[in-house]
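Thanks for coming, everyone. Let me put the structure up, and then I'll walk you through a few places in it.

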Amino acid sequence: MPAAAPVAQAVPAAPVDGSAFARVEPPPSAPMPPEGLRLRVVLEGGRPFEGEARVGAAFISEADRQLWEVSRREGSEGAGPERLEDLANVEEWLPAEVTPTTTGGMLGPVPVPVAPRYQVMAWAPDGTFWWGDVVPEKPLTTGVLDGGVLQARHPTGVRVRLSGARSEQGPFFVRVERAASLDPRDAERASAMLPVVRQAAPQVASALSEGAPLPLSMDSPLALLPLPADPQVRLWLRSASGQEGGPVEVPLREGRVESVVLDVERLFPEGVGGTVTLRGRLVLEGAATPPEGVTLLGPGGQALALASDGRFTSPGLPSWTASRFVAEVPSPESGRPVAAARQTFDFVPEPGVAEAHVTWRVAAYRWLVLRMDGFLRGQLDARARRPYPVFVLQRWSDGDVWRTHGADAFLHEEGGVAVSLLEPGRYRVLVALSAHEHHVSTVAEVGVDGAEHAVSVQVEAAGPTCEVLVTAAGVPVYGARVMAGSEVSSLPPVRGLTDAEGRWRLGRVRSEALHLEVEAAGHSPWAGEAAEACQRLGVVHVRL
């Protein structure tokens, strides 16, 4: 059969010094019977082949077929697959034997499963690589599938040299970032090289995908290749302290290895930065030991060893920027937690200090308890509808007004509701039976001593009610949608529909504000404040 047209174009091979190529141990492959389908591909180059090769069988999933149909129907700005076979995915790359020849090598024949598409790659230590597709013209289940000829290709890459580094500054690293083309077709074409990068240079692939820094030697250059043929690549020079200089943008030309020099003095005009050893102690506020089960995480998210008295050591912190630590306190299976589940601590080093000492105190909860007997619980259950009743913590502010105050925990206990506090102040609990019926507790003055404080609330059994009347040109509007809220924005609004008389009964209104929104088919929406009308007239007349 005629050879399938390879993706590669013929380019004379050229050695590349300091290659970042790494020998990859091929994954174990399942044994195949001698009969069946085999694939053969000619690798053409300027010298006998020396290196490794992989073959992948690509299959089309049902999701791939649906993507193809959507792409054909909606378009994709010129990007996307040209044919259905291009969506076939390789799940496993199998090693392939290559027999060297005077002008390259012969891959296979290697046993392959029956598939709509095959991908072939090979690479040599000098950076030369081969990469292409094989799509059978007709279904084959036995015999030899001739994949044609793949021409050797120059890699696209960057050779990085370090300048101005001194041994006392410690090791340096390079962080790499792609700068993909804004044209989706060019970006897609460049990304098609990523399978080759992952197999031939896994360290480079990890640097591109995960931001993993690569070590840069003072004595020899680092060759970042192969790279996707993007318009450019961005480089950051990282010192031993973690400080970065850059970015340095390097234009790329497909099939060329560019050279770039990263100068330490230019990228770090104020120095590469040093490191600080932090010796500290983590304890619970008001105690001499840390919270039970606490975990202290360092800036990289790693757990630090804590002694029984809370002492810890964190070496190698950057001296030029702040480092954040996180204390994670596990919640008990039952009962009250002693502190918030997560608290942060920032360490800001002083200039010229190589060692620092700190003591961090995990803020302990104070507790405000809303006392509730059986009679009060019965009142709440009888008069509230889900998701009510809702309990809201309020704190007296400097502006002589009660404001909603966040709390980590509202614990329903046998004797009431316990609310966690983290700072002293003047507090009360608002009990909402609806968005517009509020009852407030007595007030508690909470100090720094950490003592528990109790408050109580009375729910009045009687009181005036309010309703909404919606009319249009004097005629009641049936089925108008009404939404009511109050000054406490965190409370869920209540919603309802007007009846045949254009009325919707709000019930009792005990809130400082009442915000109404009304919508009806064929009419403009209406919104307004209605607390005064409810208190004075018992009805809010909305005219659409």
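**A walk through the model**

Let's start with strand E38, residues 539–543, where the side chains alternate: Val540 and Val542 point to one face and are buried, while Val539, His541 and Arg543 point to the other and are not. Buried here means under 20% relative accessible area, with exposed being over 50% and partly exposed in between, using a 1.4 Å probe and protein chains only. The element names are DSSP runs numbered from the N terminus, helices being H or I with at least four residues and strands E with at least two.

Quick word on where this comes from: it's a predicted model, where local features need pLDDT of at least 70, side-chain atom pairs count only at pLDDT 80 or more, and totals for chains, interfaces and linings use all residues. Residues are numbered from 1 along each chain as its sequence is written, and side-chain values use heavy atoms, with hydrogens and water left out.

Back to E38. Its partner E31 pairs with E38 in the parallel sense over 5 bridges, and two strands count as paired if DSSP finds at least two bridges between them. Val542, one of the buried ones, has Val470 standing opposite.

E31 also takes us to the disulfide. How many disulfides does the structure hold? It holds 1, between Cys466 and Cys534, with the sulfur atoms 2.0 Å apart; the cut-off for calling a disulfide is a pair of cysteine sulfur atoms within 2.5 Å. Distant parts of the chain are linked here: Cys466 is in strand E31 (residues 465–472) and Cys534 in helix H7 (residues 531–537), 68 residues apart. The torsion about the S-S bond of Cys466 and Cys534 is about -75 degrees, so this disulfide is left-handed. Both Cys466 and Cys534 are buried.

Now go just past E31, to Ala473, in the loop between E31 and strand E32 (475–476). Ala473 isn't a glycine, yet its phi is positive, about 55 degrees. Is Ala473 buried or exposed? It's exposed, with a relative accessible area of 82%.

**Sheets and a hairpin**

On to the sheets. One open sheet has 4 strands in the order E3-E2-E6-E7, with antiparallel pairing. Its edge strands, E3 (89–95) and E7 (129–134), each pair on one side only. On average, neighbouring strands in this sheet are turned by 20 degrees against each other, direction ignored; for the angles, axes are lines fitted to C-alpha atoms, for helices over the stretch in contact, and angles run from 0 to 180 degrees between N-to-C directions. If you look at E6, residues 117–123, you'll find 6 bridges joining it to E7, and Gln119 stands opposite Asp133 in E7.

Another open sheet has 3 strands, ordered E12-E9-E15, and there the pairing is mixed. Strands E12 (222–224) and E15 (257–263) are at the edges with a single partner strand each, so one side of each is left without a neighbour in the sheet. The twist there averages 25 degrees from one strand to the next. E9 (residues 157–163) pairs with E15 in the parallel sense over 7 bridges, and the bridge partner of Ser163 in E15 is Asp263.

There's a hairpin too: E25 and E26, with 2 residues between them. E25 (residues 410–413) and E26 (residues 416–421) pair antiparallel over 4 bridges, with Leu411 opposite Ala418 in E26.

**Two cis prolines**

Where do we see cis peptide bonds? One runs from Gly246 to Pro247, with omega near 10 degrees, and another from Tyr388 to Pro389, with omega near 5 degrees. Pro247 sits in strand E14 (residues 244–251) and counts as partly exposed at 42% relative accessibility. Glu177 is 70 residues from Pro247 in sequence, but the two are 9.3 Å apart in space, C-alpha to C-alpha. Pro389, on the other hand, is in the loop between helix H6 (374–383) and strand E23 (390–396).
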